[in-house]
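User: I am new to this structure and would like to know how its labels are justified. Please set each value against its definition.

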Amino acid sequence: MGQDVQLSNVGMCFDEFWAVRNVDMHIEAGEFFSFLGPSGCGKTTLLRLISGFLDPSEGVISINGQDMRGIGPNKRHTAMIFQNLALFPLMSVAHNIGFGLEIKRVPKLEREKRVDELLELVDLPGVGDKKVEDLSGGQKQRVAIARALAVEPSVLMLDEPLSALDLKLRHHMRAELRKIQRRTKVTFIYITHDQGEAFTMSDRLAVMSDGKIEQLGYPDAIYNNPATPFVASFVGETNTFHGSLSEIKDSSAIIDTPTGPLHCRNPQNLGQGTDSIAFVRPETISFMNGAQADNSLPCTIDTWSFEGAFITIQLKTGDGKPLTMRISNRGADLNLEPGKDVHVAFSADNALLLPKEASHA
Amino acid sequence: MRKVWNQAKHEFGPIGLAYVLIAVSVWMLVMVVAPQLIMLDFSLHPLLFPDEIGGPKDVWTLQNYEILFSNRLHMIIFLKTIWSSLLVTVFALVICYPISYYIAKVARGASVGWLMVGLIIPYWINELLRLFAWQIILADSGILNQAMLWIGIISEPLNFRAGNGAVILGMAYAYVLFMVFPLYNALESLDRNQVDAARDLGASWFRIHRRIVIPHAKPGIAIGCIMTFMLGAGTIAAPQLLGSPSSFWFTELIYTNFETANWNLGAAYATILALLCLVFMAIMLAVFRVSLKELSR
């Protein structure tokens, strides 16, 4: 069964460089939790702190309520799946999976039985005698999962384990990991720079940047209501409009941008005159069909690309600003031509206003 | 074979290929094969007066080899050489394994370079000079005795060079590098994550080394042991400079035979020494289950 992980004001400093700062959060027992962030954001450091390979420079990590200070990785009920999997190449598949049990001095017969069960769990029955090098990428992946699960960890940590796989296999393994997590009820802590992975698998996730947690929440909340400009631009694609907040109307606000005034949602209640950025997702922009919209912009089609289910259109606004919109393909001929003048629109609800000063961009 | 031939021809051109073939074969035949065969021939003939050579007594015989087994003293010296070389090998392995592991897997950045330089610098000095240095350190009135007397650990100078200890110490010192580099090479290629993975799965440091690190380093350990053993068994400088007058080593025995014009016995003993090294090599490869192919890794 999974156990919860509490991080209290955790910081990690390497030679005056703070790789992780002020991380204060709680991961529920049995949760599939992801850390999402660009490379160098400190997510691997955080994982190594939780697994015990590093000791935090400040703060406390507790697993199942127990303070983990001074407890090494070999004494924690955690297991890690490494980015390169780190399977033992000189051992057979069965010996790899049984390694942790061997260390725990589990008798040979019981060990073999357990290894078979685990191979069953990861859908690889009968490959125990094979050499690691004879397996395919996806199979190695599963062996690494089985090896980590063999020691019955309460918390399983996964360090971008899918990054080496091809796209199709990666999608398949996402579903597999989620399935295994549900079956075993172990707390999964997953780190990735791939938001697709984080969104599809996680119960909750934290977006990290520069060693700090920018936002923590449910995938839909993070996508729809990013709390900082970093999250808004890192998670998903977005169009940005810079401008000064000129007028406040109930829950919405108007900012003056070079493109023109825009009606926006103002969840942080920014005051008049604030330098702000409006974030508009490409999929929330549509062609004007005569109906009244909060924001409508005359544009020219620049280029467009057909992606099967979607069509992504690059536009230029009246002031020459590039704008991306994405519409679903309904089979109709849209009569798209580069250079054609169109009107596009989006509602104020889909234009999220955030303060500029916190921006990393 | 044909493929290798064609590739070589393509690579070097006909003249280049001819040059390589001739140079390599001349080198092999003149410098390696011929002297060995001449030595072997010497060892299989009895010691004769010059006028008897070519005469009826000049026959092929194993009698030079038999002397080792009939002369008890020679046998003891031979066994002592094996034992000491083994001791030096084990000693070097025990010292070098942690050093190599530290340089290969623990140390980072510039400190790796400094450690390497620190290991290599002594080898800029000739082996004889280094052994002389040990002589100075270990002499009755040497640095070590002086220091220990001064601190007051001992009241009388110790005779470090009485037994074979000083020779073994000197050899271990002289050949440490030949153990460090193969080990370092092997350990360097070990994925750090494998060590972490084993640790994460609950393994103690001892287990990690036994199950993960040492199996990975096997080819390096085998090469290091073979080199150290061969150098140890074959050295003459260390026993001559650091050994006590009463102790005699197999290489000294060979040397004395050549010096006293009994080339035949010297050649036989030299051949035995070479065979010993081959046998040791075969044993190491078998023990570590390393194939010759793996050695080139």
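Analyst: A salt bridge here is a side-chain nitrogen of Lys or Arg within 4 Å of a carboxyl oxygen of Asp or Glu. Across the interface of domain 1 and domain 2 of chain A, that rule finds 0 salt bridges. The model is predicted, so local features need pLDDT of at least 70 and side-chain atom pairs count only at pLDDT 80 or more, while totals for chains, interfaces and linings use all residues. Residues are numbered from 1 along each chain as its sequence is written, chains are lettered from A and ligands numbered from 1 in the order in which they are written, and side-chain values use heavy atoms, with hydrogens and water left out.

User: What are the bounds of domain 1 and domain 2 in the domain assignment of chain A?

Analyst: Domain 1 covers 5-231 and domain 2 covers 237-355; such bounds come from an automatic or database domain assignment. The C-alpha centres of these two domains of chain A lie 39 Å apart. Their contact (heavy atoms within 4.5 Å) takes 7 residues from domain 1 and 8 residues from domain 2 of chain A.

User: How much area do domain 1 and domain 2 of chain A bury between them?

Analyst: About 640 Å², with 43% of it on carbon and sulfur atoms. Buried area is the accessible area (1.4 Å probe) that two parts lose on being put together, summed over both. On the domain 1 side, Y223(A), P226(A) and P229(A) lose the most area, together 68% of what that side buries.

User: What is the buried area for chain A and chain B?

Analyst: These chains bury about 1900 Å² between them, 55% of it on carbon and sulfur atoms. N74(A), F99(A) and I103(A) supply 26% of the area that chain A buries against chain B, more than any other three residues. In terms of contact, 24 residues of chain A meet 17 residues of chain B.

User: What makes R211(B) and E102(A) a salt bridge?

Analyst: The closest N and O atoms of R211(B) and E102(A) are 2.6 Å apart, and the rule asks for within 4 Å, so the pair qualifies. The count between chain A and chain B is 2 salt bridges, and over all chains it comes to 16.

User: Why is R326(A) called buried or exposed?

Analyst: Buried means under 20% relative accessible area, exposed over 50%, and partly exposed in between (1.4 Å probe, protein chains only). R326(A) has 18% relative accessibility, so it counts as buried. E237(A), at 41%, counts as partly exposed. R326(A) forms a salt bridge with E237(A), the closest N and O atoms being 2.6 Å apart. R326(A) lies in strand β18 (residues 322-328) and E237(A) in the loop between α8 (229-234) and β11 (239-249) of chain A, so the pair ties together parts 89 residues apart in sequence. Helices (H or I, at least four residues) and strands (E, at least two) are DSSP runs, numbered from the N terminus.

User: How do you know that K316(A) and D302(A) meet in a salt bridge?

Analyst: Their N to O distance is 3.2 Å, which is within the 4 Å of the rule, so the pair counts. K316(A), at 33% relative accessibility, counts as partly exposed, and D302(A), at 34%, is also partly exposed.
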